[in-house]
Structures are given as structure tokens and as C-alpha cells.
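User: I am new to this structure and would be grateful for a close look at a single part of it. Please set that part in its surroundings and explain each term as it arises.

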Amino acid sequence: MSIRYANLLCAAGLCVALSGCMSTLSGDSYSREEARRVQTVEYGQIVALRPVVLEGTKTPIGTIAGAAIGGIAGSAVGQGKGADIAAVVGAVAGGIAGSSVEEAATRSQGVEITVKTQRGDTIAIVQQASAQDDFKVGDTVRLLSSGGTTRVSR
């Protein structure tokens, strides 16, 4: 196996490994920093539900990985200056494609939950849709708030 193909496989492996670092925005998922943090609890009743799409992440990881793969693949085309030009074109195209792939791969289904609180306020919270949360209009739910973040749970 040539060094070029070994580099291509290495870059592809890096992309797969990094895709496992995605976080979730569902109501039942907490970051490590949120653990053991005091939260304010309020109760309310769901008055409306609406499916939404949560945009995927747009970090430099997808762009860089795509550019690396595209550059390596492009450099395998032709010889001399032709290979150099193909490497640059491949890197640019790969970077654009990598960014798009990352955003699409991390996009998820969400739900906008409109709640009438016990205090009488009507608020809306968007969170990632979760199989465990089969919310219905009329359900009584808990609103957990801490540090500017609020989640809806049972």
C-alpha cells in the first residue's frame, strides 16, 4: 500500500472517530459540567408541540478532514505539476464537501414545546426529540432551569 493511500485511510479513520464526539440536546441528556448543579424546577402543562430541525455543527473539523482527504486523493491524479494542481483542487473541493457532510451528519430532529407554567406564563423550549419523551398536548411536565438552559422532562 502506498503512503498516499495510507494517509487517505488515516484521514478517513480520523473523521469516523471524531463523529463519535457529537453531543445531544435532548431533555434527558446532561453534560459533565451540568452534573450536581442546582436547578430550578417549575411545573407546567404542554399547550402546543411542533417538530423542528436542529442544525448540525459547523466546526473546522469537517472542513479540515475533507480537505485532507481531497488533497490526498487529488495528489494521486497525474504526475508532477498536474498532481500538485489536482491536490489543491481536491483539497478545496474536499473542504467544502467535508463541511457539508459534517453539518448533515450532526443535524437532528427536535421539538418545540410550548408550556403554560403554573405561574401563568407561556414559554417555548426547543430540544432534541427523544424516543423516551412522547410528549402530548395536555401533559404536565417539569421545566428544569440552570445557567440560562431550560429542559422539559416528565
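Analyst:
**From the surface to the sheet and its loop**

V88 counts as exposed, with a relative accessibility of 53%; in this usage, exposed means over 50% relative accessible area, buried means under 20%, and partly exposed lies in between, with a 1.4 Å probe and only protein chains considered. The model is predicted, and for this reason local features need pLDDT of at least 70 and side-chain atom pairs count only at pLDDT 80 or more, whereas totals for chains, interfaces and linings use all residues. Residues are numbered from 1 along each chain as its sequence is written, and side-chain values use heavy atoms, with hydrogens and water left out.

V88 belongs to helix α3, which covers residues 81-106. Together with V92 and I96, V88 makes a nonpolar surface patch of about 290 Å². A patch is built from residues with over 30% relative accessible area and no salt bridge; like charges are joined within 9 Å, and nonpolar side chains (Val, Leu, Ile, Met, Phe, Trp, Tyr) within 5 Å. The areas come from the Shrake-Rupley method with a 1.4 Å probe, and for residues only the protein chains shown count as cover.

The setting of the chain comes next. There are 3 helices and 5 strands in the chain, and from the N terminus on the elements follow the order α-β-α-α-β-β-β-β. Helices (H or I, at least four residues) and strands (E, at least two) are DSSP runs, numbered from the N terminus. Of the 154 residues in the chain, 32% count as buried.

The 5 strands form an open sheet, arranged as β3-β2-β1-β4-β5 with antiparallel pairing. The edges are taken by β3 (122-128) and β5 (149-153); each has a single partner strand, so one side of each is left without a neighbour in the sheet. From one strand to the next, the twist averages 40 degrees; for such angles, axes are lines fitted to C-alpha atoms (for helices, over the stretch in contact), and the values run from 0 to 180 degrees between N-to-C directions. Strands of a sheet pair through backbone hydrogen bonds, either parallel or antiparallel. Two strands count as a pair if DSSP finds at least two bridges between them.

The individual pairings can be followed across the sheet. Antiparallel strands β1 and β2 are joined by 10 bridges, and V53 stands opposite Q109 in β2. Strand β1, residues 40-54, is also joined to β4 by 6 bridges in an antiparallel arrangement; there, the bridge partner of G44 is V141 in β4. On the other side of β2 (residues 108-117), 7 bridges lead to β3, again antiparallel, and E112 has V126 in β3 as its bridge partner.

E112 also takes part in a side-chain pairing: E112 and R50 meet in a salt bridge of 3.1 Å, N to O. The term denotes a side-chain nitrogen of Lys or Arg within 4 Å of a carboxyl oxygen of Asp or Glu. This pair links distant parts of the chain, with R50 in strand β1 and E112 in strand β2, 62 residues apart. R50 is partly exposed, at 45% relative accessible area. The search of the whole structure finds 6 salt bridges.

The part chosen for the closest look is the loop between β3 and β4, where D139 lies. D139 is buried, with a relative accessible area of 19%. V137, which is also placed in the loop between β3 and β4, counts as exposed at 56%. V137 and T114 are 23 residues apart in sequence, yet their C-alpha atoms are 9.0 Å apart in space.

The side chain of D139 reaches the backbone nitrogen of K136 at 2.8 Å, and a polar contact of 3.2 Å joins the side chains of D139 and R154. A polar contact is a pair of N or O atoms within 3.5 Å; within protein, one must be able to donate a hydrogen and the other to accept it, and residues adjacent in sequence count only if both atoms are side-chain atoms. R154 and D139 also meet in a salt bridge (3.2 Å, N to O). R154 lies in the segment after β5 and D139 in the loop between β3 and β4, so the pair ties together parts that are 15 residues apart in sequence.

R154 forms a salt bridge with D134 as well, at 3.1 Å, N to O; D134 sits in the loop between β3 and β4, and the two residues are 20 residues apart. D134 is partly exposed at 45%, and R154 is partly exposed at 43%. D134, K136, D139 and R154 are thus linked in a network of salt bridges.
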